[in-house]
Protein chains: 2
Amino acid sequence: MNQEALRTEVAHFLEFETQKMIPQLSIDCVIFSFHADKLKVLLLKGINQEKLNLPSGFIYQDENIDTAALRNLKERTGLDQVFLQQFHTFGKPTRYFPDQLQEAILSLGIDAKKADWLFQRFVTIGYYALVNYQQTNPQPSLFSEGFAWEDVEDLPPLILDHQALVETALETLKKDILTQPIGLKLLPDNFTIPQFHQLYEIILQRKIDRRNFRKKMLLSNILIPLNEQKAIKGHRLPNLYRFDEAAYALSLSGEVKMGF
Amino acid sequence: MNQEALRTEVAHFLEFETQKMIPQLSIDCVIFSFHADKLKVLLLKGINQEKLNLPSGFIYQDENIDTAALRNLKERTGLDQVFLQQFHTFGKPTRYFPDQLQEAILSLGIDAKKADWLFQRFVTIGYYALVNYQQTNPQPSLFSEGFAWEDVEDLPPLILDHQALVETALETLKKDILTQPIGLKLLPDNFTIPQFHQLYEIILQRKIDRRNFRKKMLLSNILIPLNEQKAIKGHRLPNLYRFDEAAYALSLSGEVKMGF
DNA sequence: CCAAAAGTGTTTCCAGTACACCCATGG
DNA sequence: CCATGGGTGTACTGGAAACACTTTTGG
């Protein structure tokens, strides 16, 4: 997008859209996908920013916050019907739009007064999403000029507290693995048990014996074997499976133990 | 408080305080305590309201949201240094100040225009607190005229979505029992194992074999026996214990199992 | 003496864990 | 032939669950 078109869009946003939205409250999305045996997060590159940022959005006055998060996610990934869940709200008083981004926007020729709305302190509601890498078609947003899927275990520098957001989202994911069909959302339709195993190890951040993992998953009846193997080089070919979605849902106990 | 004094206070709040606060964003506290073998929630009675409400508050522009929640809790209970934790943010577009309460406030002789700030849609950040019943001295807030500790298993009608807030807080508590020293926060300094057992049954909402519970707790070394019994009538006197706080903290694993 | 709740001990069972060996593939 | 990862089977163990009996107190 050229400078002039961007200026027009930003000016329009500030003049007409912001007044329909809740001020000082935003939504940040931590969008996870699983690709090349790694857990990835979708990040955007803000105009004139070196550090990356999470996809963000605002809430219309007559809009449910969950709906706003979903709308935002759809704008950013083209995906509907995805797993999306609120995990925490972040409200340090120093959460302001990054300085350089402010400068970049003003340098478009925007009246500083009209941009005030954007440059106030923001409280942000964090959501995390689980999306299928293959089916996702990421789009940069108004204030950004590119995107990237980054490895969650090796993140580049992020603006503000976005690093903390990702970490908290991951912590939540760790707990939710007991009660949510994580595999179903993150793995491709056909997958191998080693892939599923890898996903668990990344999310739980610890080693899990692969033989015990396999046994447990096979015994739980949530996997339907396909008569296909995945093609990989130099090794025995792993079998492909798909989820028995109903059985998967049922097997998620969410049971709370006594503790200790 | 008489009508005139209240009018002055509310008018002052609307004129001078609101402008220092983030609009359309509030904090609601679900304050739990354990008393008479029941889990209780602190509720307020709004002016001219039949339904009860949770203690709420607002956030100053330069204030951390956690700090705001703590300030609010202190104003309402006199307690500092309590267990306080954010659990969810609620944002249905229909979350407005209750009609009757609006009327009651305006009927004080407040200029409707000045009260606009209060009568907008609010998104609220839910926190839950665990307090010691004995040490708590509840205070009504600006817009309320009384308080009550209500049994969490038998709540009276609440305004808006406050019932849902309590339920979600309880769900969170259910999960946090694995990782947080719930007993330490909710039980009196000296307590009996049956009391501790009762607390677990209420929070987990299921029966736990009392013999297995006792065995587990005693073996975990988190309990220090006192040479005293609690006086109750008509039964064998139960022994009193206190927590070994360090051991309790250590024993909280928070370990995430593989699931299923 | 009785009702009610507290305190004590035994057994069973299974989920989680540890671990060893063979198989298929590409180079 | 070999390196690499995939697939299969066995054995152990500790914690959770099921369960019965005795003790203390007030009335």
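**Briefing: the surface around DNA strand C**

In this predicted model, a nitrogen or oxygen atom in the side chain of B:His235 lies 3.1 Å from a sugar or linking oxygen of DNA strand C. Helix 7 (210-219) of chain A and helix 7 (210-219) of chain B are the elements that give two or more residues to the surface near this strand. The points below describe that surface and then turn to the cysteines.

**Residues around DNA strand C**

- DNA strand C is surrounded by 20 residues, and the closest are A:Arg211, A:Lys216, B:Arg210, B:Arg214 and B:Asn239.
- Of the atoms of DNA strand C that come within 4 Å of the protein, 49% belong to sugar and phosphate.
- Sorted by class, the surface near DNA strand C comprises 11 charged, 6 polar and 3 nonpolar residues.

**Individual contacts with DNA strand C**

- At a phosphate oxygen of DNA strand C, the partner is a polar side-chain atom of A:Lys216, at 2.6 Å.
- A:Gly234 approaches a base instead: a polar backbone atom of this residue is 2.7 Å from a base oxygen of DNA strand C.

**Cysteines**

- The number of disulfides over all chains is 0, where a disulfide would require two cysteine sulfur atoms within 2.5 Å.
- A:Cys29 has a relative accessible area of 1%, and it therefore counts as buried, the limit being under 20%.
- B:Cys29 is likewise buried, because its relative accessible area is 1%.

Methods. Residues numbered from 1 in each chain as written. Chains lettered and ligands numbered in written order. Predicted model: local features only at pLDDT ≥ 70, side-chain atom pairs only at ≥ 80, totals over all residues. Heavy atoms only, no water. Buried < 20%, exposed > 50% of the residue type's maximum accessible area, 1.4 Å probe, protein only. Near = heavy atom within 4 Å. Polar contact = N/O pair within 3.5 Å; in protein donor to acceptor, adjacent residues only side chain to side chain. Helix = DSSP H or I, 4+ residues; strand = E, 2+ residues; numbered from the N terminus. Nonpolar A, V, L, I, M, F, W, Y, C, P; charged D, E, K, R; others polar.
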